[in-house]
Amino acid sequence: MAGDCELSLDIVKTQGEAWLMSQALTSPDLVAYVDGWNAARESREQQRRDPYGYLSYAGFHTLGTSPARFAGIPGRWSIRADGPVVELADGEELIVAGELVTGSHGFGPVREREFRRAAQHGDVILELSTRGGQSLLRPIDPAFGRGLRGGYDHTPAYEPDPRWIVEGQFRPFESLRPTPFDATVGDIVHTHLVVGEVVFTIAGTEQRLLVMVRDDQQAGVAGTGTVLFTDGTSGLTTDRHGRSLQLDFPAQAGAVTLDFNFARNLQRPYTSFAPCPLPPAQNTVTAAVEAGEQLPVFNGG
């Protein structure tokens, strides 16, 4: 994916239709666009190779009200009304906020969608999170991840193509809608706020995709949302669980741009321990979106 890849500056014809770019790109614009695309890809590759990145998740544990032990993790863990608690036996210890902890320790409430690196045991970081109302404990172990990182080659992507810079219309809902999203792991059901739909046409077929937003988003205010989607490439050249795409939307109904060249994988194709939200059934693009990230390559395969 060198910076010298060439993009046609013309409208691209597909199945007799024009796929309109969001705007004409001059040559300097094109160079900057490809440079930005490459930089975004390299940034994600560096994250994947981080010894404490998601390739080093070494487990997925759900906390219950009864204290339980988990292999390789000190203490008995449970969830109480005021948050997760660990009970450490004699000779067991953790580092929390730089301090040595023994006995019983409460971590306080963990917000939905929070990733809290709450404690450390040797080189292993213990992450607490809440997903779909369930309290989760995941060890991040560089030694465990070393094998995955060593076998990880790269994440290929389709070459950037202007036909996948698509114009659409944003149609907001009257109010934000809490919407359930199933997860890739376990029986978790995420609840995300959905602000509206983005509507566009590909190959003569109208597509209507739900746009989810951050928990602090307000109705009637412009922002940045996320579209989770599957398409004709899902399970073939891209992750069967779908991909994500960010887009900026206006305060009211109006034009939006979807740049599928920046479609990216979630964590799930890299680790078995990521409860990523799945795209809702509505968010199925009826064409093969040959843009953005593809399935990761491990062990040179």
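This is a walk through the chain, from its overall make-up to one sheet, a run of hairpins and two pockets.

Let's start with the whole. The model is predicted, and its protein chain holds two helices and 20 strands. Measured out along the principal axes, the C-alpha trace spans about 70 × 45 × 30 Å. Of the chain's 301 residues, 50% count as buried. The contacts also tell us how the chain is put together: taking those between residues at least 6 apart in sequence, 60% join residues at least 24 apart.

Now turn to a sheet you can trace easily by eye. Strands of a sheet pair through backbone hydrogen bonds, in either a parallel or an antiparallel sense. Here four strands make an open sheet in the order β4-β5-β6-β9, and the pairing is antiparallel. At its edges sit β4 (68–70) and β9 (104–106), each of which pairs on one side only. From one strand to the next, the twist averages 30°. If you would like to follow one of the pairings in detail, take β6, residues 83–87, which meets β9 in the antiparallel sense over three bridges. A handy landmark there is Glu87, which stands opposite Ser104 in β9.

Further along the chain, β15 is a good strand to settle on, as it has a partner in each of two hairpins. It is mostly covered, with 11 of its 14 residues buried; buried here means under 20% relative accessible area. On one hand β15 pairs with β14 (residues 165–182), antiparallel, over 10 bridges. Within that pairing, Pro180 has Thr191 of β15 as its bridge partner. Six residues lie between β14 and β15 in their hairpin, and in the turn Gly186 has a positive phi of about 70°. On the other hand, nine bridges join β15 to β16, and these two strands also run antiparallel. Phe200 and Gln207 of β16 stand opposite one another. The hairpin of β15 and β16 has two residues between the strands, and Ala203 takes a positive phi near 50°.

Both of these strands lead us on to the largest pocket, since β15 (189–202) and β16 (205–213) are among the elements that each supply at least two residues of its lining. The others are α1 (27–48), β10 (115–121), β11 (124–131), β12 (134–140), β17 (223–229) and β18 (243–249). Which strand gives the most to this lining? That is β17, with four residues. The pocket contains about 1,200 Å³ of space and is lined by 38 residues. To find its centre, look for Arg113, Phe115, His192, Met212 and Thr226, which lie nearest to it. By class, the lining has 13 nonpolar, 11 polar and 14 charged residues.

The second largest pocket holds about 300 Å³ of space. Its lining is made up of Arg44, Thr224, Ser244, Leu245, Gln246, Leu247, Asp248, Val256, Thr257, Asp259, Phe262 and Arg264. Two elements give two or more residues to this lining, β18 and β19 (254–259). The largest share, five residues, comes from β18, a strand that also supplies at least two residues to the lining of the largest pocket. Sorted by class, the second largest pocket is lined by four nonpolar, four polar and four charged residues.

How values were computed:
Residues are numbered from 1 along each chain as its sequence is written. This is a predicted model: local features need pLDDT of at least 70, side-chain atom pairs count only at pLDDT 80 or more; totals for chains, interfaces and linings use all residues. Side-chain values use heavy atoms; hydrogens and water are left out. Two strands pair if DSSP finds at least two bridges between them. Axes are lines fitted to C-alpha atoms, for helices over the stretch in contact, and angles run from 0 to 180 degrees between N-to-C directions. On a 1 Å grid over the protein atoms alone, a cavity is a set of points where a 1.4 Å probe fits but cannot get out, and a pocket is an open set with protein on both sides within 12 Å along at least five of seven lines; lining residues have an atom within 4 Å of a point. Grid points are joined across faces, edges and corners, and a volume is the space filled by probe spheres set on the points. Ala, Val, Leu, Ile, Met, Phe, Trp, Tyr, Cys and Pro count as nonpolar, Asp, Glu, Lys and Arg as charged, and the others, Gly among them, as polar. Buried means under 20% relative accessible area, exposed over 50%, partly exposed in between (1.4 Å probe, protein chains only). Contact means heavy atoms within 4.5 Å.
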